[in-house]
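Visitor: I am new to this structure and would love a close look at one part of it. Could you walk me through a single strand and its surroundings?

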Amino acid sequence: MKPLLHLFLLFLLSQPICLAQYPAFFNYTIENGAPSNEIYCALQDSKGYIWIGCDAGIFRYNGVRYEQFQSPDLSARSATGLIETLDGKIYGYNFNNQLFYIENEKLIVHHTWNTLINSMAYDKKGSLWISTQKGPFKLDVKSGKWNLVSTSYHTLGAFGEIFTNGIRSDQEGTIYYHNYNKVITCKGDDFSGFQIPEEFFDKPMIISNSFGKPWLFDMYGANVYREDLDKWSPYLNEELFKLLKGRKITKVIETEPGVLWICTYSGVIRLNTSNGKATLIYEKMSFSDILKDNEGSLWLTTLSNGILRIPNLKVRVWDQENFGLINDNFKQVLSTTDGIFLSGSSGDIVHLTNQQELRVITNGSRSDINGLFFDAKNKILYYHLTGKLFALKNDEILYSVVMPRPVKSILQADNGYFVLTSQGMFFSSDLRTDLELKNKVLNDWCRQGVKIPNDENFLIAGNKGVHEIQKKKNRWVFKKTFLPGKQIISLCTDHINNNVYFLSYDGAIYQKSGTGKPYQITRLNEECKGSKIFFYRDRLYVASNKGIICFNPENKSSITINKYYGLNSNNIGDLSFKGDLCWVATGKGIHMIPISEFKKRKPIGSLQFRSILVNGKKKDYSSPLVLQHNDELSIILDGLIYSSEDKFQFYYRFKNGSNKWIRAPGSTRRISILQLPYGEVDFEIVLLDHEGNKCGVPLTYSFKVIPPFWYRWWFYLALGLFAALITFLIFKYREIKIRKQQQAELDRVNLENELRLSQQNALKAQMNPHFLFNVLNSIKGYIYENDKSNAVRYLSDFSNLVRMILEQSSLSNVSLEKELETLKIYIELESMLLDGEFKFELDIEDQLDISSIQIPALLLQPYVENAFKHGLRHRKGEKWIKMKIRMNEDLHMVEVKITDNGIGRKASMKLNNETHKDHHSFATSANEKRIELLNFEKEGVVGVIYNDNFDTGGSPTGTTVTIRIHV
């Protein structure tokens with residue numbers, strides 16, 4: 001059996017752990033915006049900016065963008081040797097031995113310098129020291145004067161030159177440099193020299209940048225010296241020399257007291273000077289410089305791989321780039337007495353042994369491995385792969401069992417095991433046999449289980465809640481379900497406080513204490529998808545797609561450990577704890593994190609004002625600005641917080657304005673404000689890291705904004721006076737308007753009164769006493785003549801006429817039909833008084849509906865009366881009146897024409913003047929007044945036109961009166 005099983009087993013990798021574990025890093029290269037992959041040096045200045053010297057020139061980096069400094073005076077592009085002096089200037093040199101410095105955002109070249117430079121340093125007085133082939137030079141940065149340093153300790157070369165190199169300074173400002181066979185020390189104005197062993201005479205030496213006394217290295221690592229008690233002594237460390245062998249040193253830097261970094265062409269070595277422990281990392285890269293920034297990150301510059309920024313040296317990683325892991329996408333990790341075991345989707349088991357060996361065991365199948373379980377008693381590792389359960393011991397497969405149900409996890413119980421699958425949970429007394437339906441305990445999709453603290457029962461996480469199982473009659477059975485219907489993806493126990501914690505699919509975390517019901521204690525962020533939950537040393541840990549969430553159940557605080565804390569990936573598959581270490585399975589390698597690193601970092605960052613622009617022009621902001629209300633203010637600033645990459649944010653506000661915070665992303669270079677608050681303004685801006693924590697001290701800037709003229713006191717005064725004037729004018733206008741309205745109302749009342757009076761006058765005209773008298777006399781005559789039929793007919797007509805006139809006298813308008821009916825009776829009575837024959841003709845347009853047309857009451861009668869009285873009564877022979885009624889559609893008017901064949905108006909007027917000189921027709925004047933009143937409010941209601949008719953000989957043949965009534 002064993003030979004067959006060995007076909008599935010291949011050891012792909014077995015090597016010391018120290019050669020495989022590296023800290024994770026952020027890599028800045030050309031591919032992601034860096035100016036070059038060939039970097040010579042790096043510097044963080046007093047403001048917090050990172051300066052980079054490389055083959056492309058000198059650049060300043062603010063965490064988001066790179067800014068190049070150039071000058072037409074430079075004869076070479078490559079720059080190195082960057083150093084900041086006490087007055088804030090950045091000095092450097094290029095490969096054509098040009099010395100330059102950067103001040104007030106400008107690069108200035110020292111034109112008088114023409115000597116070969118190899119390194120620079122500065123002392124406590126602020127003087128710049130330069131080691132050259134002609135000796136050490138000292139620049140007084142205040143006066144700008146250069147002096148060649150001379151001392152009796154100098155050794156002259158074969159051609160009389162004083163060759164010096166590797167000049168350095170310590171924290172106290174003491175200067176060290178190499179001169180042929182000596183290391184020269186200058187403290188203040190006192191010089192001393194240390195004789196180098198003869199074997200170093202012709203070899204270049206590296207002097208470390210150190211906090212305390214410097215170290216002296218042979219460039220090829222054969223010898224190391226350190227200064228102690230003003231005496232240089234050889235440093236003997238077999239572990240260090242083993243790592244230095246065959247490596248060329250480029251630079252040595254002490255990043256913190258007791259920690260020395262040695263940059264070489266094949267890796268970088270970290271030396272703990274207190275215990276002598278030396279570690280080599282990234283041996284495939286060539287390093288040129290290293291610095292530790294004010295946030296605690298290490299920046300390693302390389303000669304072909306750009307810059308490496310290490311957020312946390314204590315977090316170690318094994319991945320594809322670190323010598324041998326074919327696949328580093330891990331989903332499960334398990335810490336055991338035999339070491340650390342991991343699995344993923346490759347079908348491989350990765351074993352990190354207690355002897356610090358990394359082994360990869362392949363099973364010949366590229367598929368997901370699930371159900372990773374270690375039997376501590378028998379020291380057997382179980383895992384499920386492609387329908388089989390494998391048993392592994394001493395990295396050899398003992399046996400495999402066909403187990404087609406997808407196994408999610410295995411849980412040890414008394415006298416057996418619980419096997420949790422997507423098809424239910426089974427109890428198995430022997431994992432060497434397949435699962436049997438008769439041993440099925442739960443029917444739900446089961447993922448994970450735990451034993452209840454201080455109880456014999458177990459809790460199982462399933463798709464339909466948390467199921468409690470108990471043992472009855474030597475058989476495990478279902479008892480009850482907590483959180484029914486809730487999909488639970490993980491659970492864990494707290495044996496200190498006897499609690500159980502559940503993680504649901506929707507991100508809720510529940511706590512169950514004793515026999516009580518579970519209750520929610522927190523919830524993950526919506527974007528955070530948790531996959532596993534763990535309890536270790538009074539903390540809850542959640543593996544998620546956003547990193548590791550570390551939650552304190554007592555005070556409900558939490559932190560997230562992710563790429564910003566030193567992980568290679570935020571995609572966390574599983575966690576396992578062993579001693580003081582947390583082992584992490586991620587989508588990009590194995591991670592080892594000390595438990596002590598699960599703590600909230602103090603946010604460190606700073607804001608830097610670059611410039612202030614007003615309407616696009618730079619302004620001096622050393623004193624408060626005075627701005628106009630319509631000025632455009634732009635603030636150029638940098639947020640220096642490298643540990644957040646470019647995921648930090650700015651928040652700004654006007655403290656005495658709306659006081660509302662406005663957000664701007666970290667990539668924002670210019671904050672433009674188009675609408676400024678008026679008056680004395682305090683502008684405040686703060687920097688927030690990727691977790692939303694305030695960093696550094698908020699920056700404030702005060703300025704004054706002159707409001708527009710409409711916000712000035714005199715404008716308000718003028719506006720008040722103008723408003724008062726407008727109010728007065730409106731009042732006067734309203735007063736005049738009200739008076740007009742009152743006058744119009746008075747006129748209307750007067751008009752109504754006059755109309756009533758005119759109607760009374762019209763009634764009087766209708767009830768003319770002469771007319772009544774004449775009619776009654778005529779009726780009387782018929783009675784005397786015993787002409788009873790005519791007498792009765794005329795008396796009936798007379799009574800009807802009087803009745804109709806009295807009825808219409810109270811109405812403003814009547815129908816045309818009613819008006820004509822009254823008029824016919826009147827004409828019948830008037831014709832009775834005439835001598836001779838009389839004819840009356842009425843012609844009404846066929847389509848005219850006289851019953852619906854309304855006209856002023858008693859309007860037509862006066863014109864018919866005039867025809868009788870002034871035209872027909874004086875005519876001899878035949879007499880007639882013709883009335884024609886038409887509708888003028890264009891004018892919306894009824895047109896009534898009354899034509900008689902009387903003597904005409906001219907002859908009638910002549911007769912009246914002769915017989916009644918002082919007479920004026922009462923009916924005519926009353927009707928004229930009435931028409932005038934009708935047309936007063938609305939012009940054109942009634943119009944009257946008189947026409948005299950003549951025959952061909954010019955003799956009068958009567959009169960035509962045209963009456964137009966608007967309907």
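In which sense do strand β28 (residues 287–292) and β29 pair, and over how many bridges?

Guide: Happy to help! This is a predicted model, in which local features need pLDDT of at least 70 and side-chain atom pairs count only at pLDDT 80 or more, while totals for chains, interfaces and linings use all residues. Residues are numbered from 1 along each chain as its sequence is written, and side-chain values use heavy atoms, with hydrogens and water left out.

The pairing of β28 with β29 is antiparallel and runs over five bridges. Strands are DSSP runs of E with at least two residues, and helices are runs of H or I with at least four, numbered from the N terminus; two strands pair if DSSP finds at least two bridges between them. Across this pairing, Trp 299 of β29 has Leu 291 standing opposite. Five residues lie between β28 and β29 in their hairpin, and in the turn Gly 296 has a positive phi of about 100°.

Now turn to β29 itself, which covers residues 298–302. Five of its five residues are buried, so the rest of the structure largely encloses the strand. (Buried means under 20% relative accessible area, exposed over 50% and partly exposed in between, with a 1.4 Å probe and protein chains only.) Leu 298, Leu 300 and Thr 302 point one way from β29, whereas Trp 299 and Thr 301 point the other way, and all of them are buried.

Strand β30 (residues 307–310) is another partner of β29, again antiparallel, over four bridges. Here Ile 310 of β30 stands opposite Leu 298. The hairpin of β29 and β30 has four residues between the strands, and Gly 306 takes a positive phi near 70° there.

Step back, and you can see the sheet around the strand. It is an open sheet of four strands with antiparallel pairing, and its order is β3-β30-β29-β28. At the edges stand β3 (26–28) and β28, each with a single partner strand, so one side of each has no neighbour in the sheet. Neighbouring strands are turned by 20° against each other on average, direction ignored; the axes behind such angles are lines fitted to C-alpha atoms, for helices over the stretch in contact, and angles run from 0 to 180 degrees between N-to-C directions.

Finally, let us see where Trp 299 fits among the nonpolar cores. Such a core is a set of buried Ala, Val, Leu, Ile, Met, Phe, Trp, Tyr and Cys residues joined through side-chain atoms within 4.5 Å. The largest one has 43 residues, of which Leu 816, Val 864 and Ile 963 touch the most other members. Elements that each supply at least two residues of this core include α4 (769–784), α5 (788–808), α6 (816–832), α7 (861–872) and β74 (956–966). With eight residues, α6 gives the most to the largest core. Apart from this core lies another, of 31 residues, and among its members are Cys 41, Cys 54, Leu 291 and Trp 299. That brings us back to where we began: Leu 291 and Trp 299, which stand opposite each other, both belong to this core of 31 residues.
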